[in-house]
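User: I have a model to go through. Please take my questions one at a time and keep the answers short.

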Amino acid sequence: MLALATTATHACSRSPNPSLYAQCSPACLALRRASRTSIYVSQRKSLVALRAAADDQQPSGESLFSANEEQQAAAAEYGELNAEIEAAAASCVENLQGTSLFLVGMMGTGKSTVGKMLSQALGYCFFDTDALIEQLAGKTIADIFADDGEADFRALETEVLQEIAPFARCVVSTGGGAVCKSQNWGHMNTGVSVWLDGAPSLLAQRVVNDSNNERPLAAVDGAVSKSPDEVLRETTDRLSVLLEERRAQYSYADLTVSLMGGDGVDSGDGGDGGGDGGAAPATVVLRILKSLNSRIMSDAKEREERKKF
């Protein structure tokens, strides 16, 4: 259930368990001091495609856009997006009253990247549960799965969520399977949960292209001897099955935000937005902020209507 006012009494920089958060507090302080404008600059393919289309119509050796014009157009686009994020974040900060946000979704949805940017926009602290689990266990997620099994990993995940739950003004990136335990939902319901929803083809593309990919549940047997297309196909199939198993749990989230690319229309590979790699992280941040503001206004209006009876 969407909670507009947090019941947490601790600021995110105060920790009941110093051993777990000692390495996180400085990072949180750094995030708060970071410039908001610098984090939203990301490569956008639209300008590249626009220039390519224009060049196709020009005589050989000529270009419709100069480098300077491209830079100006890109800067204007970034500036507009950043201004929208700033405005939406200002409304959210006022209306959320410190309520924490929990990002849920499959691997490859960009929860950590989006979470960091969202936390900076709101002036919140950021926690990545997978990173905290690795600190707590002293080993990587892959090693935990290999040495101790998935059950032990899930137990650590619940322990970390339990520690984070009392804190206000935090954005928390959760593991893909965190939604599968009702106990975890009990912890996440202290704040607002947001499902980052992406199609398996898009997520598989991101996972396969991630050079640091060590996700045990996405591992493809004999990947070294297989072609890139085979690995991508098998990863897509595996994530499709996993998503169907978890879809009902993800739908418990207070808000659902699409990762579809561009302006939300079919990007050409079956309607999932994966043809262009999905929406840029900054665009996803803006969608989250807009969804939050819309939900807050809707709930407020509903409360006013109930007062009339």
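The questions below cover cysteines, one helix and one helix pair in this predicted model.

User: How many disulfides does the model contain?
Analyst: A disulfide needs two cysteine sulfur atoms within 2.5 Å. By this rule, the count is zero.

User: Is Cys92 buried or exposed?
Analyst: The cut-off for buried is under 20% relative accessible area. Cys92 has 0% relative accessibility, so Cys92 is buried.

User: What does Cys180 count as, by relative accessibility?
Analyst: Partly exposed lies between the 20% and 50% cut-offs. Cys180 has 44% relative accessibility, so Cys180 counts as partly exposed.

User: Which helix is included in what covers the buried residues of H10?
Analyst: H10 spans residues 200–209. Its buried residues are Pro200, Leu202, Leu203, Ala204 and Val207. What covers them includes helix H11 (228–250).

User: How are H5 and H12 oriented to each other?
Analyst: H5 covers residues 111–122 and H12 covers residues 281–307. Their axes come within 9 Å and cross at roughly 55°. Angles of 35 to 65 degrees fall in the oblique class. The two helices are therefore oblique.

User: Is the crossing of H5 and H12 left-handed or right-handed?
Analyst: The handedness goes with the way H5 passes H12. That crossing is right-handed.

User: How many charged residues are in the contact of H5 with H12?
Analyst: From H5 come Thr113, Val114, Met117, Leu118 and Leu122. They meet Pro281, Ala282, Val284, Val285, Ile288 and Leu289 of H12. The contact residues divide into ten nonpolar, one polar and, for charged, none.

Note on methods: Residues are numbered from 1 along each chain as its sequence is written. This is a predicted model: local features need pLDDT of at least 70, side-chain atom pairs count only at pLDDT 80 or more; totals for chains, interfaces and linings use all residues. Side-chain values use heavy atoms; hydrogens and water are left out. Buried means under 20% relative accessible area, exposed over 50%, partly exposed in between (1.4 Å probe, protein chains only). Helices (H or I, at least four residues) and strands (E, at least two) are DSSP runs, numbered from the N terminus. Contact means heavy atoms within 4.5 Å. Axes are lines fitted to C-alpha atoms, for helices over the stretch in contact, and angles run from 0 to 180 degrees between N-to-C directions. Angles under 35 degrees count as roughly parallel, over 145 as roughly antiparallel, 65 to 115 as roughly perpendicular and the rest as oblique. A crossing is left-handed if the near helix is turned anticlockwise from the far one by less than a right angle, and right-handed if clockwise. Ala, Val, Leu, Ile, Met, Phe, Trp, Tyr, Cys and Pro count as nonpolar, Asp, Glu, Lys and Arg as charged, and the others, Gly among them, as polar.
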